[in-house]
Amino acid sequence: MSKIDKAMRILIAGFCINLCLGILYAWSVFNKALVSEWGWSAADASSPYAIATITFSLCLLVAGVLQDRMGPRNILILGATLTGLGMIASSFAESVLVLNITFGVITGAGIGFGYACLSPSAMKWFHPSKKGMVNGLIAAGFGLAAVYLAPLTSALITQMGISSSFMILGIGILLIAVPLAATINNPPAGYQPPEPKVKAGQAPIKVKQAVDISWKAMLKTPQFYALWVMYALASATGLMIIGNITNIASVQANLPNAVYLASILAVFNSGGRIGAGILSDKIGGIRTLMLAFILQGINMILFATFDSEFTLIIGTALAALGYGTLLAVFPSLTAEFYGLKNYGTNYGVLYTSWGIGGAIGVAVVGYSMTHGGGYNLAYTISAAMMGVCILLSFFTKPISEEKAAELKAA
């Protein structure tokens, strides 16, 4: 098997595994069914998802450390297995506490362990000039999962009931994701990715080799804190729209059943990951982020005026594009600034900003509802947060070779 064939197989397998790990996006369907069929309160029905996202973030950090030391395969197999077993165990749950453990802790941990291992492995098989494309495609699998999982889960619950749906989806994950996980591995020592093809007469593509920096040294760089704040604030804005779009549609445009907006979110979220990943390879990650921040900032300024179905579709698509950009570009920047050797740990540390971003988004909506009586204040705060991100993107530059060498030696 040629180097290119092997690299593409790793990339496709990673994309397909994320299509399974994206089971997190099916929760909105389970949430609705638990309230309508089992009579759970909205808070009780939401708690397994909330716990899963927290567990996911924490385990992504742990898995990043482990895969840097042990390689991706065993950690990824563990993640896929836990995800499937957690879903199967959820089929026996009859109480909030049990479902919090089976889905919230076990499935959430599995998703975190699995998600952490895919990008670092895939990036090592490809030329550094393609790291944005690789991250974009891997991340797109996770985002695209909502497109098929929501209708599939809805059909299963209608035909088989809630418990059987958990069981079937869990078995499906074990049958598909675990065998694929067994095919993922790092390239052998001394491996050199094939050079990208260029037109006749053109010079080969040159990419500056990143110096491998540990997480402790990373924390000594101002670039890390700029990236962390940008990731947190931009995630807060995107997650705020994603988590509230159907209610926003009902309040602003009197669209009580705008569930299709969730599908639009999923498609443009995934498209944003792929498009931004490819764009970042051409113009650079920071410039790509700056464009996304400007677009999202303008979108937030205008969002209060979106009072028709058409304008809400446009606003939803732009919000999803902006959010999707984050999940493709920040992993690439982590590799570009701090190297691939410790990437799993370094990105796990940076990814804590995503979890904080989700909490900020919830707090912004809560504050807006309490003090403004609607979403308008939330849009204003979000626009201001995007302004901070734009400002930071102006001043965030790659680490100099001298500084990187100094940090590595320390």
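In this predicted model, five helices, α3 (42–70), α5 (96–125), α6 (131–160), α12 (309–338) and α13 (343–372), each give at least two residues to the lining of the largest cavity. Among the contributors, α5 has the largest share, with four residues.

The space these helices help to enclose can be found by a simple test. Rolling a probe the size of a water molecule over the atoms shows where empty space is left. In this structure there are two cavities of 30 Å³ or more, and the largest holds about 120 Å³ of space. Its lining is made up of 15 residues, and those closest to the centre of the cavity are Y115, A116, S119, Y343 and Y347. Sorted by class, the lining of the largest cavity has 10 nonpolar residues and five polar ones, with no charged residue. Tyrosine is counted here as nonpolar, so Y115, Y343 and Y347 fall in the nonpolar class despite their hydroxyl groups.

The second largest cavity has a volume of about 30 Å³. Its lining consists of A234, A292, F293, Q296, G322, Y323, L326 and M386. Two helices, α11 (285–303) and α12, each supply at least two residues of this lining. Helix α12 therefore takes part in both cavities, with at least two lining residues in the largest and at least two in the second largest, by the helix numbering used here. In the second largest cavity, six of the lining residues are nonpolar and two are polar, and again no charged residue is present. Glycine is counted as polar, so G322 belongs to the polar class in this lining.

How values were computed. Residues are numbered from 1 along each chain as its sequence is written. This is a predicted model: local features need pLDDT of at least 70, side-chain atom pairs count only at pLDDT 80 or more; totals for chains, interfaces and linings use all residues. Side-chain values use heavy atoms; hydrogens and water are left out. On a 1 Å grid over the protein atoms alone, a cavity is a set of points where a 1.4 Å probe fits but cannot get out, and a pocket is an open set with protein on both sides within 12 Å along at least five of seven lines; lining residues have an atom within 4 Å of a point. Grid points are joined across faces, edges and corners, and a volume is the space filled by probe spheres set on the points.
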